[in-house]
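I opened this notebook to record what I looked up in one structure. The entries are grouped by topic.

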Amino acid sequence: MDASKSRRQFLRNTTLAAITATALPGIANARKPQAQQDCNKTTLDYYGQGPFYTAGAPEIVNNLLASENETGTRLILSGVVRTLDCTQQIPNTVIDAWHANDAGAYDTQGFNMRGITSSNAQGFYLFETILPGKYLNGSSYRPRHIHFKITPPGFSMITTQLYFEGDTDIPGDAAASLTSGTYDATERIIPITLNGDNKYEGTWDIIVDGAGITGIQDAHLNNGMIYSVAPNPFSDKLTIHYGVFKPSKVSICVFNLSGSLEATLDEQFLAPQKYFATWQPDSGLSKGIYFITLKVNDMQTHYLKAVKI
């Protein structure tokens, strides 16, 4: 097949697959995943840290910002921390997160729904929590939001807030409704989709000033991308469908949640075309979340998450 035709078909298939995602009622999923957009610096939030920040939050344990018995709709949030030009990932970035509970109340006596995590050795981060509840701000409700203080090693902290697409209170909110300037919230309003465990997932890539390692960027649009990983969750075997858009040295790498390399698959020089690789890890592989990454000419250009059960 002609290389350009193959690439067009591959992108078409990927777009059709994305359309099938299930949206949370009231939360739209209309825009492209963030990894397919232009790289834009993560902006500050107009409301800053707000009045409910508490310093000294503990480290997040077992990736749970909200305990397993916390009332509310479960949400898994993940992404990668990247440099301003999106060419490198930033490991060891401190991510301090806090938000209201399902009823819209903050814990002002302790650290419920408050915690600190860090991006791993590959720049990835992940934690599970609940969708924050809404609360009155004057005569109107604030949209659901999560607060963040983000500190790359050796660089300045930024303080901001994350919102969710389709929230009917976004248009009337002084911060979430801003679409230009220093406090532009556009790239901080993300879609969420239902996964096989009946939990919602959102992806938010954090773009900040920092020193990083060669990593994921929007170069996947020109070089290659992962189409799907299946089954997901998986138990004993995972099939990875991916495409290469120009002659390149290519490999599929599997990293665990700490950023350690678990496997390298299909490491070879490939022509433009669609391919698949199979990962059948040792039976002793721990249950949990793994990042499947596509490396093209020694640069990681795309990733998807997979869950081992």
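The entries below run from the whole chain to single residues and pairs.

**Conventions.** I worked with a predicted model, in which local features need pLDDT of at least 70, side-chain atom pairs count only at pLDDT 80 or more, and totals for chains, interfaces and linings use all residues. Residues are numbered from 1 along each chain as its sequence is written, and side-chain values use heavy atoms, with hydrogens and water left out.

**Whole chain.** I found two helices and 21 strands in the protein chain; helices (H or I, at least four residues) and strands (E, at least two) are DSSP runs, numbered from the N terminus. Of its 309 residues, 47% count as buried. Buried means under 20% relative accessible area, exposed over 50%, and partly exposed in between (1.4 Å probe, protein chains only). I noted an accessible surface of about 13800 Å², with 50% of it belonging to carbon and sulfur atoms; areas come from the Shrake-Rupley method with a 1.4 Å probe, and for residues only the protein chains shown count as cover. Among contacts (heavy atoms within 4.5 Å) with a separation of 6 or more, 71% are between residues 24 or more positions apart.

**Strand β3.** I asked which strands pair with β3 in the antiparallel sense. Strand β4 (residues 114-118) does so over five bridges, and strand β8 (residues 146-151) also over five bridges. Two strands pair if DSSP finds at least two bridges between them. I recorded Arg 114 in β4 as the bridge partner of Trp 98, and Phe 148 in β8 as the bridge partner of Ala 97. Because four of its five residues are buried, β3 is largely enclosed by the rest of the structure.

**Sheet β15-β16-β19.** I followed an open sheet of three strands in this order, with antiparallel pairing. Its edge strands are β15 and β19 (273-279), each pairing on one side only. The twist averages 20° from one strand to the next; axes are lines fitted to C-alpha atoms, for helices over the stretch in contact, and angles run from 0 to 180 degrees between N-to-C directions. Six bridges join β15 to β16, and Met 225 has Gly 243 in β16 as its bridge partner.

**Backbone exceptions.** Most residues other than glycine have a negative phi, and most peptide bonds are trans. I therefore listed the departures from this pattern. A cis peptide bond joins Ala 230 and Pro 231, with omega about -10°. Another cis bond runs from Asn 232 to Pro 233, with omega near 10°. Pro 231 lies in the loop between β15 (224-230) and β16 (238-244), and Pro 233 is also in the loop between β15 and β16.

Asn 62 has a positive phi of about 55°; Asn 62 is in the loop between α1 (3-19) and β1 (74-82) and is exposed, at 64% relative accessibility. Asn 92 has a positive phi of about 60°; Asn 92 lies in the loop between β2 (88-89) and β3 (94-98) and is exposed, at 52%.

**Salt bridges.** How many salt bridges does the rule give? I obtained nine, the rule being a side-chain nitrogen of Lys or Arg within 4 Å of a carboxyl oxygen of Asp or Glu.

- Arg 82 pairs with Asp 205, the closest N and O atoms being 3.5 Å apart. Arg 82 lies in strand β1 and Asp 205 in the loop between β12 (200-203) and β13 (206-207), so the pair ties together parts 123 residues apart in sequence. Both Arg 82 and Asp 205 are buried.
- Lys 134 and Asp 169 meet at 2.7 Å, N to O. Lys 134 is in the loop between β5 (124-130) and β6 (136-137) and Asp 169 in the loop between β9 and β10, 35 residues apart. Lys 134 is partly exposed, with a relative accessible area of 23%.
- Glu 201 pairs with Lys 305, with closest N and O atoms 3.0 Å apart. Glu 201 lies in strand β12 and Lys 305 in strand β21 (residues 299-308), so this pair ties together parts 104 residues apart in sequence. Glu 201 and Lys 305 are buried.

I also noted that salt bridges sharing partners join Arg 74, Glu 128 and Lys 199 into one network.
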